[in-house]
Amino acid sequence: MAQTSHCKTIADNDPRYEELRSFIHSHENKDGIAMTALQEAQSLFGYLPLEVHKFISKETGVSIAELYGVTTFYSQFNTEPQGQHQIQICMGTACYVKGAQKVLDKVVETLGVEVGMTTPDQLFTLNAARCLGCCGLAPVMMIDDDVYANLDNVSEIPAILDRYRKDTK
Ligand code: FES
């Protein structure tokens, strides 16, 4: 079994823990404390690693397993650090038929990460989507709020991704 306690990404003395503690204690008698505390923690830390689950469990009395149940059920929660830019590759039927797999393969090849992962420089997180609601433009990729349509020519993809690298510098 993989040991996770050696890979803490948030220091124990991170001041955001104090903020989270006061938040939890000001809401402790309310219903749904697990959900409320997880939402606050995600807005403070950006994601919810094991150490944050442990902290919330200690402060609320809700078990770690129950907290993970909430985190994994709702897609709004992330247990991994997220990149500065969110890439969504549409794998819905219309996009799939028009070559979404090639788009996905090119992005994977260019970034060197698989779906659900974030690049080591924390710039991009790669996701697959079911339908982005613009099937007439298939195949479609979104980066943050930008829509890239009719991506038949996947050789354009590295240049598209580069724009976000430049914007971030
Ligand atoms: S299937 Fe891709 S936008 Fe709908």
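Q: Within what distance must the centres of Phe, Tyr and Trp rings lie to pair?
A: Ring pairing is a matter of centre-to-centre distance here, with the six-membered ring used for Trp. Planes under 30 degrees apart count as stacked, over 60 as edge-to-face, and the rest as tilted. The centres must lie within 6.5 Å.

Q: How many aromatic pairs does the rule give?
A: The model is predicted. Applied to it, the rule gives a count of 3 aromatic pairs.

Q: What class of pair do Tyr17 and Phe45 form?
A: Their centres lie 5.2 Å apart, and the planes make 50°. Stacked needs under 30 degrees and edge-to-face over 60. The pair is therefore neither, and counts as tilted.

Q: How many residues apart in the chain are Tyr17 and Phe45?
A: Tyr17 sits in helix α1 (residues 16-27). Phe45 belongs to helix α2 (residues 33-45). The pair links distant parts of the chain, 28 residues apart.

Q: Which parts of the chain does the pair of Tyr17 and Phe55 tie together?
A: This pair is also tilted, at 4.7 Å centre to centre and 40° between the planes. Its two residues are 38 apart in sequence. Tyr17 lies in one helix and Phe55 in another, so the pair ties together helix α1 and helix α3 (residues 50-60).

Q: Which residues do ring pairs link into a cluster?
A: Tyr17 pairs with Phe45. Tyr17 also pairs with Phe55. Ring pairs thus link a cluster of Tyr17, Phe45 and Phe55.

Q: Are Tyr17 and Phe55 buried or exposed?
A: Buried requires under 20% relative accessible area. Tyr17 and Phe45 both qualify. For Tyr17 and Phe55 the label is likewise buried.

Q: Which strands stand at the edges of the sheet?
A: The sheet is open, has 4 strands with mixed pairing, and runs in the order β2-β1-β3-β4. An edge strand here has a single partner, so one side of it is left without a neighbour in the sheet. The edge strands are β2 (124-129) and β4 (146-148).

Q: What is the bridge partner of Ile143 in β4?
A: Strand β3 (residues 141-143) pairs with β4 in the antiparallel sense, over 3 bridges. In β4, the partner of Ile143 is Asp146.

Q: Which strands does helix α6 touch?
A: Helix α6 (residues 100-111) packs on the sheet. Its direction makes about 150° with that of β1 (85-90). The strands touched are β1, β2 and β3.

Q: How far apart do the C-alpha centres of domain 1 and domain 2 lie?
A: The domain assignment gives domain 1 (16-73) and domain 2 (85-168). Their C-alpha centres are separated by 32 Å.

Key: Residues are numbered from 1 along each chain as its sequence is written. This is a predicted model: local features need pLDDT of at least 70, side-chain atom pairs count only at pLDDT 80 or more; totals for chains, interfaces and linings use all residues. Side-chain values use heavy atoms; hydrogens and water are left out. Domain bounds come from an automatic or database domain assignment. Buried means under 20% relative accessible area, exposed over 50%, partly exposed in between (1.4 Å probe, protein chains only). Two strands pair if DSSP finds at least two bridges between them. Contact means heavy atoms within 4.5 Å. Axes are lines fitted to C-alpha atoms, for helices over the stretch in contact, and angles run from 0 to 180 degrees between N-to-C directions.
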